[in-house]
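Student: Could we go through this model together, from the overall fold down to single side chains?

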Amino acid sequence: MKNKFLFLSAALLLLAGCASTQNVAWSNVPRAGSENALLGQRGALIMNPKASNVLNTMIGELLYIDSSGVILVERSEGRIELFSPRQYGDYKLHALRPEVTTTGWSASTSPLLFFPHGAFGLVTVPLSIVTSGLNLYAERRAYGMYLEDLPLEGIRAHCRFPMGIPEEYEPTVLAPKED
Amino acid sequence: MKNLLLNLSLILALTGCTTWNHADLTKKTHSDLELAATERVLHPKHEITLQGYYADGASVIFAPDWRITTEGTITGNMQRLSPQGKPASKEFALSELDVDGIELWRTSRNLKLNERAFFGGTILMAAVDLGVGIICLTSPKTCFGSCPTFYQSESDHLFKSDAEGFTNAILPTLEHRDIDALPQIMLPGDERIVMKNEALETHNINEVVLFAVPEVSGSEVVHTVDDEFLRVLQGPAATVAKDGLPLEEVRMRDELEWFEWADKKDLAAKTHLDVKFEARPGKQYGVKLVYRQTLMSTFLFYGTLEHMGADYGRRMVIMNHSDAQKHWLLEGGIMQYLGSIEIQDAQGKLLGAFEETGPIAANTQVLPIGESDGHLKLELTQGLWRIDALEIVEITEKVTPTVHHIIRIVSNQQDRPEEVALMHDDTRHLISMPGDARELYFEPLEAPSHIFLASKGFYLEWSRTAWNDEGHPRALRTMLLQPRKYLRDQAPVYKAYEAEMEAKFWASRIQTPILTSHEK
């Protein structure tokens with residue numbers, strides 16, 4: 001019984017991992033210190049730290065900024081949206097993410113700790129959830145810079161297309177994950 | 001229980017290793033290749049990749065081993081990318097690239113280990129300051145030079161110049177006359193001063209004149225903090241002490257200066273010195289001080305400009321027309337907390353202050369204190385001032401100097417009568433550019449004289465390549481709105497290279513070329 005349950009859980013996790021390969025995702029943001037931070041072509045992620053849903057603060061990937069300061073952002077569902085400086089004043093730009101964190105999804109695996117920890121799971125599972133939550137919180141905030149504090153050229157440097165979005169660009173054309 | 005402790009430790013470890021603070025931009029765009037190359041100067045220990053974009057969005061990206069050849073091409077391991085960012089090949093290949101057609105450059109810098117895990121964004125910002133600090137250390141004149149420097153002798157040592165002209169006049173509307181005592185008695189026939197521009201500044205000089213008072217044996221003529229001239233006699237010997245310990249360095253003018261390291265937590269922290277001397281009733285005394293500032297003033301001044309970044313020019317124009325901002329620059333803001341060297345009597349009553357700025361030339365000034373009980377206190381900002389000598393003088397009379405105008409200017413071994421005419425016209429300015437040196441000859445003296453050099457004008461600081469970026473708006477905002485906090489925040493940054501800068505201060509010699517992008 002125990003082995004079957006573990007196998008099923010592992011399979012579900014793997015499938016869940018495959019299903020979450022979005023074109024716009026935290027996993028696209030290079031880890032600080034990685035080679036991808038130097039060579040990656042992804043734009044920075046734009047976040048709204050004041051979003052009502054604290055679990056979904058992501059606006060999208062920064063594609064381009066024009067000379068008037070309007071930014072073009074690719075949303076997670078694939079469409080490209082424009083934001084004026086007035087709209088994105090409170091938004092943050094994330095060009096990097098921490099190199100050492102456990103990601104948020106690990107919270108969902110915490111119940112599995114009951115198997116290795118037995119009765120101690122009553123303590124370790126909640127603690128694991130708290131740990132994962134803290135790391136998720138940390139990852140979503142580390143290296144963040146308010147767009148209003150950045151000059152136009154500084155934002156431009158973090159666009160995926162600093163020269164402008166190519167006409168033939170389709171939001172899903174790039175591989176979803178480069179890290 | 002064991003697991004509980006383990007998990008608690010895990011939480012602490014993970015949260016402790018997380019960078020929560022504001023980071024700096026690691027990617028920058030540049031309009032030309034040379035500007036992109038300065039990123040390496042700013043961050044000499046970082047890996048920096050270079051990407052050049054063509055008009056259609058296609059690009060080439062170089063691994064960190066790229067270099068610019070003397071022919072203006074780039075060599076290094078390179079990969080071509082489509083306008084959509086897809087690589088044309090899997091691997092990078094060693095190539096040489098002609099930069100024709102590239103319209104935009106982008107550099108990407110990686111974060112070093114200590115910038116990532118343990119120090120976070122605040123220290124990252126400090127690292128940028130340090131990067132500029134390294135440039136200052138490599139080329140001291142780029143940062144330390146300021147205002148016209150004047151030499152009475154042939155010495156060309158920047159830090160041994162005899163006078164600095166119109167310090168603080170960094171805007172046209174801040175033009176003012178500055179008087180500095182020259183250290184040597186000038187003899188008739190030797191009425192010559194060398195004026196140099198040793199910084200990345202445009203000097204606009206309206207007037208340079210000499211004030212002369214004939215020498216009388218046994219006496220000295222001094223310049224007061226209120227721009228008067230007094231004949232004085234040597235007064236009683238003074239003992240200067242800090243925390244009860246006498247300071248031998250300030251006993252006489254010998255270029256052996258006393259100074260303190262800045263406070264590690266607060267750049268505005270004050271320090272106190274006690275002065276004692278045998279005072280006699282009925283005598284009019286003065287405190288003669290030979291002093292200059294440390295490099296803290298340079299650090300804070302250039303830090304301000306660096307915070308402005310590419311916005312420097314616009315902000316300076318605004319400041320030029322705003323009395324409130326000029327007040328902030330000279331007397332408000334952080335200046336109100338840094339202050340001057342205040343002289344107090346034994347009861348703590350303020351008698352006056354020495355406030356000449358600049359770290360290059362030593363200033364010799366006198367503060368008349370009248371009759372005294374022989375007990376004085378000095379209050380000054382720790383780590384901001386260098387004192388070569390503190391002496392007590394006895395004031396005998398007020399004197400009026402004769403004025404000696406320029407009669408001849410020689411530069412590049414040629415007479416410049418047109419420049420002499422400029423110096424005689426109160427409505428016009430002589431423009432002096434970086435690297436310029438002029439010999440100024442003055443109307444003759446009648447006798448060996450004490451000399452004071454008066455210069456009037458203003459200078460415009462050149463924007464450095466290193467400032468041609470986003471600056472630090474938040475730091476600038478803190479500086480403007482919370483100057484006290486700013487001085488505390490900057491303390492660890494300044495401390496990080498204070499000792500090295502001081503060492504460099506004493507070792508530096510002028511190099512002739514000034515290498516910046518402005519000189520292309």
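Tutor: Happy to; below we take the chains, the pocket, the rings and one helix residue in turn. This is a predicted model, in which local features need pLDDT of at least 70, side-chain atom pairs count only at pLDDT 80 or more, and totals for chains, interfaces and linings use all residues. Residues are numbered from 1 along each chain as its sequence is written, chains are lettered from A and ligands numbered from 1 in the order in which they are written, and side-chain values use heavy atoms, with hydrogens and water left out.

Student: How many helices and strands does chain B have?

Tutor: Helices (H or I, at least four residues) and strands (E, at least two) are DSSP runs, numbered from the N terminus. On that basis chain B comes to 12 helices and 30 strands.

Student: And what share of the residues of chain B is buried?

Tutor: Buried means under 20% relative accessible area, exposed over 50% and partly exposed in between (1.4 Å probe, protein chains only). For chain A, with 179 residues, the buried share is 47%. For chain B, with 520 residues, it is 56%.

Student: Which element gives the most residues to the lining of the largest pocket?

Tutor: A pocket here is an open set of points on a 1 Å grid over the protein atoms alone, where a 1.4 Å probe fits, with protein on both sides within 12 Å along at least five of seven lines; lining residues have an atom within 4 Å of a point. The volume of the largest one is about 1,200 Å³, counted as the space filled by probe spheres set on the points, with grid points joined across faces, edges and corners. Its 50 lining residues include B:Asn168 and B:Glu355, which are among the closest to its centre. The top contributor, with 8 residues, is α6(B).

Student: Is the tilted or the edge-to-face label right for B:Tyr291 and B:Trp385?

Tutor: Rings of Phe, Tyr and Trp (its six-membered ring) pair if their centres lie within 6.5 Å; planes under 30 degrees apart count as stacked, over 60 as edge-to-face and the rest as tilted. A:Phe83 and A:Tyr91, at 5.8 Å and 70 degrees, are edge-to-face. The centres of B:Tyr291 and B:Trp385 are 5.9 Å apart and their planes meet at 55 degrees, so this pair is tilted.

Student: Is B:Tyr291 buried or exposed?

Tutor: B:Trp385 has a relative accessible area of 2% and is buried. B:Tyr291 has a relative accessibility of 0%, so it too counts as buried.

Student: Which ring lies under B:Arg386?

Tutor: A charge sits over a ring if NZ of Lys or CZ of Arg is within 6 Å of the ring centre and within 35 degrees of the ring normal. One such case is B:Arg408, 4.9 Å from the ring centre of B:Tyr441. B:Arg386 is 4.5 Å from the centre of its ring, that of B:Phe259.

Student: Which residues does B:Leu338 touch?

Tutor: B:Leu338 lies in helix α9 of chain B and is buried, with a relative accessible area of 4%. Contact means heavy atoms within 4.5 Å. Not counting residues up to four places away in sequence, B:Leu338 touches B:Leu267, B:Lys270, B:Met296, B:Leu300, B:Thr381, B:Leu384 and B:Leu487.
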